[in-house]
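These are my notebook entries on what I looked up in this structure, taken one topic at a time.

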Amino acid sequence: MKQLKDHEAFETSSLIGHSARVYALYYKDGLLCTGSDDLSAKLWDVSTGQCIYGIQTHTCAAVKFDEQKLVTGSFDNTVACWEWSSGAKTQHFRGHTGAVFSVDYNDELDILVSGSADFTVKVWALSTGTCLNTLTGHTEWVTKVVLQKCKVKSLMHSPGDYILLSADKYEIKIWPIGREINCKCLKTLSVSEDRSISLQPRLHFDGKYIVCSSALGLYQWDFASYDILRVIKPPDFSNVSLLGFGEIFALLFDNRYLYIMDLRTEKLISRWPLPEYRKSKRGSSFLAGEMSWLNGLNGQNDMGLVFATSMPDHSIHLVLWKEHG
């Protein structure tokens, strides 16, 4: 905590290897995936800075990966699935009429979801590429889709149910998901009636709470009741975006700094300077790394990636916990 307060907890490094704009980032278990306009995706070991895999793809607007495969959403209006080991395209999902800005998938359900500039969310069979359903109702680009298990009981869902969240500039829509084709929107959340306030593209959902930031502040909804639990208004909040939200800390940033907020006091306790990174209205070109420390520092979890963002020179700027010698 002292190192955070003294702005000494972090260090920075860069990943260099792409030859055009890096549009998409996704982080998991010490590995960072980057998707670029140079028609490639790369997988990096954050601790060493080494590129483990590089494969030829289409233009990537969104990426998500696991040990075997990479799923990419593209500006060419399609989604594709690739095999890391061979670079082969194993599935191509065609049907959107606008760029695909966000993807999520679940192997257990054999489902892939995609959010697009055509204002729709599509639900696909991951293994076959068949479109199972097109969810309509958004009136803006769908910039974020999140597939997550529900952890609370309510009138509309039980613990263990899969839930799909889709977000555009003004609204978050909640959908039940499963093997059924008929999928009706359970609820639409917004922070203002008149669409004067737009939501930031980052959306946090852990199965219990939905959190999103806007120019009015940070909104936290209870997922069981859909009630707004609290609105946090840090000073000078108009340009601050949410990166991560835990039980104790929230990770935020603006054009100049990364901020850590203590959610118990709602005060900013630390900041770290950021370079002139590439701006993204869709929130795909920056992300938080390890998240467990947001639930409280335990002496073990202050390590690894904190934040990554893509730079105008096509490199990726990393903020890491300092190695304590």
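I began with a pair of facing residues and noted that K173 stands opposite T188, which lies in β17. The model is a predicted one, and I read every entry here with that in mind. Strand β16, covering residues 172–177, runs antiparallel to β17, and I found three bridges joining the two.

I then followed the sheet outward and recorded an open arrangement of four strands in the order β14-β15-β16-β17, with antiparallel pairing. The edges are β14 (144–149) and β17 (187–189), each of which pairs on one side only. On average, neighbouring strands of this sheet are turned by 25° against each other, direction ignored.

Next I looked up the largest nonpolar core, which has 23 residues, and noted that F10, L251, L258, V306 and F307 touch the most other members. Several strands each supply at least two residues of this core, among them β24 (257–262) and β27 (305–310), while the largest share, three residues, comes from β23. For L258 I listed contacts beyond its neighbours within four places in sequence, and these include L243, L251, W272, V306, F307 and V319. I also entered a second, separate core of 20 residues, which includes L165, A167, I172 and Y226.

Last came the cysteines: which of them form disulfides? I searched the whole structure and found zero disulfides. For C51, the nearest cysteine sulfur is that of C33, 9.6 Å away, whereas a disulfide would need the two sulfur atoms within 2.5 Å. I noted C51 as partly exposed, with a relative accessible area of 37%, and C131 as partly exposed at 34% relative accessibility.

Methods. Residues are numbered from 1 along each chain as its sequence is written. This is a predicted model: local features need pLDDT of at least 70, side-chain atom pairs count only at pLDDT 80 or more; totals for chains, interfaces and linings use all residues. Side-chain values use heavy atoms; hydrogens and water are left out. Buried means under 20% relative accessible area, exposed over 50%, partly exposed in between (1.4 Å probe, protein chains only). A nonpolar core is a set of buried Ala, Val, Leu, Ile, Met, Phe, Trp, Tyr and Cys residues joined through side-chain atoms within 4.5 Å. Contact means heavy atoms within 4.5 Å. Two strands pair if DSSP finds at least two bridges between them. Axes are lines fitted to C-alpha atoms, for helices over the stretch in contact, and angles run from 0 to 180 degrees between N-to-C directions.
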